[in-house]
Amino acid sequence: MTADSKLTPLRKGLLEFVVLKIVGGGHVYVPDILRRLAETEFSTQEGTLYPLLSKLRREQLVDYEWRESESGPPRKYYRLTAAGLEQLTALDDYWLRINRTLANLGHNQSGHASP
Amino acid sequence: MKRHATTISLGRSTLQLDESAITRLEAYLASARGRLEGNPDREEILTDLEQAIADRCLQRLAPTQSIVTALELEAALSEVGQVDEATAAAATYAEPERRLEQIGEGAVISGVCLGIARYLKVDALWVRIVTVVLTLLSGFTAVLIYALLMLLLPFAPHPAGSPPLGKIPAKSRQAISYIRSFFEPAVKNGSSH
């Protein structure tokens with residue numbers, strides 16, 4: 001429980017990155033994003049996702065277009081903009097760097113001298 | 001229990017709610033509105049949330065049931081969740097940038113003139129007059145430029161998040177988006193459907 005409460009802000013901070021990643025996979029609409037996230041640690045709700053997507057759109061990282069649906073009203077489909085793709089690539093790189101750093105720090109702790 | 005149902009439009013759907021459901025919905029929306037205070041996209045986000053609630057209520061209705069009660073509504077609201085205040089507040093710093101777009105609402109053809117007018121901050125009438133004059137003077141060239149702009153300019157997202165209402169039907173917009181995807185490296189890996 002205590003470990004999880006420390007991880008909550010980490011997950012919250014990563015949500016934006018995770019959403020960019022899913023939107024980067026092609027045209028998606030919000031129920032798609034929620035479904036993909038539901039199976040992961042980043043499970044979230046519309047109440048969080050819609051304000052986040054609107055923020056990302058204001059930052060011009062994502063954009064949406066309307067598409068007709070077979071049932072019900074038209075839907076918003078989100079995609080990455082060129083700036084969004086750039087941001088996603090940068091975040092991916094950064095995430096890899098952090099992972100490497102964490103792995104190296106672990107080595108130091110177990111008695112290895114740093115190269 | 002009173003079975004007095006009221007028909008309301010929620011997002012872009014219409015559904016019937018009983019009194020207790022309406023009271024609960026109003027409370028949720030008022031709270032969401034408060035949390036989105038100062039957010040420039042407040043109306044759009046609220047419409048999106050309303051739509052999500054409507055979809056989830058409709059999913060929960062039994063085949064013979066037409067009126068949403070507090071039971072379905074409560075379940076829908078807990079799935080949609082409260083507006084996340086941290087995210088809602090974070091959106092307030094970013095001012096919308098001036099973008100050259102075609103605006104479907106109130107458009108004569110595709111909203112290119114409206115978009116140019118908004119970009120230049122002049123009345124659309126002036127842009128249209130100039131366009132007509134240019135068309136008369138140059139003939140085909142102006143038409144070609146218009147067609148090119150139609151193809152290249154992004155569609156403006158709609159105020160309060162309603163779907164485009166312009167003269168260009170959604171199918172044509174999709175065709176335009178499809179053609180455009182060849183020019184945009186960002187959507188190269190996106191599926192076309």
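Helix α3 of chain B offers a good starting point in this predicted model, since its buried face can be listed residue by residue: B:E72, B:L73, B:A75, B:A76, B:L77 and B:V80 are buried. An α-helix has 3.6 residues a turn, so residues three or four places apart point the same way. The buried residues of α3(B) pack against α1, α2 and β3 (67-68) of chain B, together with α3 of chain A. Just after α3(B) comes B:G81, which has a positive phi, near 80 degrees.

Confidence in this helix can be read from the scores. Among the elements of chain B, α3 (residues 70-80) has the highest mean pLDDT, 94, while helix α4 (residues 85-90) has the lowest, 68. The pLDDT drops below 50 over residues 186-193 of chain B, a stretch that has 14 contacts in the model beyond near neighbours in sequence. Chain B averages a pLDDT of 80, with 79% of its residues scoring at least 70. For the model, ipTM is 0.84 and pTM is 0.66.

Attention turns next to charged pairs. Side chains of opposite charge can pair when their charged atoms come close. Over all chains, a search of the whole structure finds 20 salt bridges. One of them joins the side chains of A:R57 and B:D41, at 3.9 Å from N to O. This pair crosses between chains, running from helix α3 of chain A, which holds A:R57, to the loop between α1 (19-35) and α2 of chain B, which holds B:D41. With relative accessible areas under the 20% cut-off, both partners count as buried: A:R57 has 11% and B:D41 has 4%.

A salt bridge also joins A:K76 and B:E44, whose side chains meet at 2.7 Å, N to O. Here too the pair crosses between chains, with A:K76 in strand β2 of chain A and B:E44 in helix α2 of chain B. A:K76 is buried at 7% relative accessibility, and B:E44 is buried with a relative accessible area of 9%.

Within chain B, B:R118 forms a salt bridge with B:E101, the closest N and O atoms being 2.6 Å apart. The pair links distant parts of the chain, 17 residues apart: B:R118 belongs to helix α5 (residues 112-120), whereas B:E101 sits in the loop between α4 and α5. The two ends differ in accessibility, as B:R118 is partly exposed at 40% and B:E101 is buried at 3%. Salt bridges that share partners join A:R57, A:R58, A:K76, B:R12, B:D41, B:E44 and B:D48 into one network.

The second largest pocket brings both chains into view again. Rolling a probe the size of a water molecule over the atoms shows where empty space is left. This pocket has a volume of about 500 Å³ and is lined by 21 residues, of which A:Y29, A:P31, A:R75, B:Q51 and B:D55 lie nearest its centre. Helices α2 (30-38) and α3 (46-58) and strand β2 (75-80) of chain A, along with α2 (42-60) of chain B, each supply at least two lining residues. With six residues, α2(B) gives the most to the lining. By class, the lining has eight charged, eight nonpolar and five polar residues.

Conventions: Residues are numbered from 1 along each chain as its sequence is written. Chains are lettered from A and ligands numbered from 1 in the order in which they are written. Side-chain values use heavy atoms; hydrogens and water are left out. pLDDT is the predictor's confidence in each residue, from 0 to 100. Helices (H or I, at least four residues) and strands (E, at least two) are DSSP runs, numbered from the N terminus. Contact means heavy atoms within 4.5 Å. On a 1 Å grid over the protein atoms alone, a cavity is a set of points where a 1.4 Å probe fits but cannot get out, and a pocket is an open set with protein on both sides within 12 Å along at least five of seven lines; lining residues have an atom within 4 Å of a point. Grid points are joined across faces, edges and corners, and a volume is the space filled by probe spheres set on the points. Ala, Val, Leu, Ile, Met, Phe, Trp, Tyr, Cys and Pro count as nonpolar, Asp, Glu, Lys and Arg as charged, and the others, Gly among them, as polar. A salt bridge is a side-chain nitrogen of Lys or Arg within 4 Å of a carboxyl oxygen of Asp or Glu. Buried means under 20% relative accessible area, exposed over 50%, partly exposed in between (1.4 Å probe, protein chains only).
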